[in-house]
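Reader: I would like to go through this model one element at a time. Please keep the answers short.

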Amino acid sequence: MKIFAYGIRDDEKPSLEEWKAANPEVEVGYTQDLLTPETAKLAEGADSAVVYQQLDYTRETLTALANVGVTNLSLRNVGTDNIDFDAAREFNFNISNVPVYSPNAIAEHSMIQLSRLLRRTKALDAKIAKHDLRWAPTIGREMRMQTVGVIGTGHIGRVAINILKGFGAKVIAYDKFPNAELQAEGLYVDTLDELYAQADAISLYVPGVPENHHLINADAISKMKDGVVIMNAARGNLMDIDAVIDGLNSGKISDFGMDVYENEVGLFNEDWSDKEFPDPKIADLIARENVLVTPHTAFYTTKAVLEMVHQSFDAAVAFANGETPAIAVKY
C-alpha cells in the first residue's frame, strides 16, 4: 500500500515519522508542495492522498488526481468548504477530514486572547517595553464580572464554556442545535439578538458555511452592548471586517481578537518582515492597541498536529482497504 501526502510541514514530520514507524507495511511519499492540477501527478501509483491546504480543491485539481488513479482523499483539517463536491461525486471520491483533533487547542487560545483583551495586555506590554512602569490608564476588567456570549456549542465551544466557568464568568450561549447538557443548565438564549443584547464579550465557534457568512455585520454589531469585546478563532468569513473596523472606530467595539481572516490565503503563514502587507486592513488591525491578531495559530499545538497527521493517515489506510473510517465525510 502507498500513501502520498501533500503540504507536509517541518513541524508535522515528527508525527509523520512516528506514524510510519507504527505502520511499516505502508509506503509513504510526501512533498511540501500543495495539491494542485500540476502536482497531482506526484501521487501516481498511490492508493490514497493526504492533504492539508487552504487552496480550493477545484474540479481541475480533483480531475487531475483522479486521472492518476487516486480517488481517496484524506484531509488533515476540519474544513471541507473548499471542496468542489459536484466534481468529487462525479469521480466517486472518498473523503475524510479530522473533525476533532484538539478542541482544547482552539478553546484555550480564544480564552487566553479574550483574557488578554480584557486585561489590556497589548497596551501594557508596549508600555513596559518602553520602560514605562506606570499603571494608569491601562486598567483591566475581570473575567468573572463579564457576561460572555458563546456562539456555537460544539466540541470547541463547550471547552470554552468550561474555561469560562473556571473564571467565574456568566455564560450565555446560542446554537441552532442545542447541546442537551447545556440546555439543562439553562445556558441558552433563544436568539442571537438576545445574546447580542446581553453579552459584554462574544466568542464564536461556528463553521464558515454560507448561512454564517458575515454573521457579525453592521446590523449585528448595532444590537450589541456598547463597548463589546469580540473574539473570533473560528472562520474568517464570519466577520464583515469593514463593519468590525467601523465598530472599533466608533468605540461600539472596545476590543477585538482574531485568529482567522476572510482574506488570509497568501497572507497568513508568510513572512512579511520589512515588506508591505498586500492588504491595508490587516496592517490597520495589527497596529491597534485594542486588537489582537494571530495568524490562524489557535490550532497549532503539538497535540493537535499529531492528531491531524495520525487520524488522516489512518483514514487513508482505511479507504485503501475498502473500509469507511469513522471520520469519512458524508456528502
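Reader: In what order do the 5 strands of the open sheet with parallel pairing come?

Author: This is a predicted model. The edge strands of this sheet are β2 (27–30) and β5 (94–96), each pairing on one side only. Neighbouring strands are turned by 20° against each other on average, direction ignored. The pairing is parallel and the order is β2-β1-β3-β4-β5.

Reader: Which residue in β2 is the bridge partner of Ile3?

Author: Strand β1 (residues 2–5) pairs with β2 in the parallel sense, over 4 bridges. In β2, the bridge partner of Ile3 is Val28.

Reader: At about what angle to β2 does helix α1 run?

Author: Helix α1 covers residues 13–22 and lies across β1 and β2. An angle over 145 degrees counts as roughly antiparallel, so α1 is roughly antiparallel to β2. The value for α1 against β2 is about 160°.

Reader: What do the buried residues of α2 pack against?

Author: Helix α2 spans residues 59–67, and its buried residues are Thr61, Leu62, Ala64, Leu65 and Ala66. Just after α2, Gly69 takes a positive phi of about 85°. The buried residues of α2 pack against β3 (48–51), β4 (72–75) and α3 (85–90).

Reader: Now the sheet of 6 strands: which order do its strands take?

Author: This is an open sheet with parallel pairing. Its edge strands, each pairing on one side only, are β7 (170–174) and β11 (291–293). The twist averages 15° from one strand to the next. The order is β7-β6-β8-β9-β10-β11.

Reader: Which residue in β7 does Gly149 stand opposite?

Author: Strand β6 (residues 147–151) and β7 pair over 5 bridges, in the parallel sense. Opposite Gly149 in β7 stands Ile172.

Reader: Across which strands does α6 lie?

Author: The direction of α6 is at about 170° to β6. Angles over 145 degrees count as roughly antiparallel, so α6 is roughly antiparallel to β6. The strands that α6 lies across are β6 and β7.

Reader: Is β9 enclosed or open, and why?

Author: In a regular strand, side chains alternate between the two faces of the sheet. Val228, Ile230 and Asn232 on one side of β9, and Val229 and Met231 on the other, are all buried. Because 5 of the 5 residues of β9 are buried, the strand is largely enclosed by the rest of the structure.

Reader: Which residue of β10 is the bridge partner of Ile230?

Author: Strand β9 (residues 228–232) is joined to β10 by 5 bridges, and the two run parallel. Val229 stands opposite Asp255 in β10. The bridge partner of Ile230 in β10 is Phe256.

Reader: Which residue of β9 does Ser203 stand opposite?

Author: Strand β8 (residues 201–204) pairs with β9 in the parallel sense over 4 bridges. Opposite Ser203 in β9 stands Met231.

Reader: How many of the 6 residues of strand β10 are buried?

Author: Strand β10 covers residues 253–258. It is largely enclosed by the rest of the structure, because the number of its 6 residues that are buried is 5.

Reader: At roughly what angle do the axes of α4 and α6 cross?

Author: Two packed helices are described by the angle between their axes and the distance between the axes. Helix α4 (residues 103–118) and helix α6 (residues 155–167) have axes that come within 8 Å. The crossing is right-handed. The axes cross at roughly 45°, which makes α4 oblique to α6.

Reader: Which residues of α6 does α4 meet?

Author: By class, the contact of α4 with α6 has 11 nonpolar, 3 polar and 1 charged residues. From α4 come Pro103, Asn104, Ile106, Ala107, Glu108, Met111, Leu114 and Ser115. The residues they meet in α6 are His155, Ile156, Val159, Ala160, Ile163, Leu164 and Phe167.

Reader: Is Ile106 buried or exposed?

Author: Ile106 lies in helix α4. Leaving out residues up to four places away in sequence, Ile106 touches Tyr101, Ile156, Ala233, Ala298 and Phe299. Its relative accessibility is 6%, and the cut-off is under 20%, so Ile106 counts as buried.

Reader: What distance separates the C-alpha atoms of Ile106 and Asn232?

Author: Asn232 is one of the buried residues of β9. Along the chain, Ile106 and Asn232 are 126 residues apart. Their C-alpha atoms are separated by 10 Å.

Note on methods. Residues are numbered from 1 along each chain as its sequence is written. This is a predicted model: local features need pLDDT of at least 70, side-chain atom pairs count only at pLDDT 80 or more; totals for chains, interfaces and linings use all residues. Side-chain values use heavy atoms; hydrogens and water are left out. Axes are lines fitted to C-alpha atoms, for helices over the stretch in contact, and angles run from 0 to 180 degrees between N-to-C directions. Angles under 35 degrees count as roughly parallel, over 145 as roughly antiparallel, 65 to 115 as roughly perpendicular and the rest as oblique. A crossing is left-handed if the near helix is turned anticlockwise from the far one by less than a right angle, and right-handed if clockwise. Contact means heavy atoms within 4.5 Å. Ala, Val, Leu, Ile, Met, Phe, Trp, Tyr, Cys and Pro count as nonpolar, Asp, Glu, Lys and Arg as charged, and the others, Gly among them, as polar. Buried means under 20% relative accessible area, exposed over 50%, partly exposed in between (1.4 Å probe, protein chains only). Two strands pair if DSSP finds at least two bridges between them.
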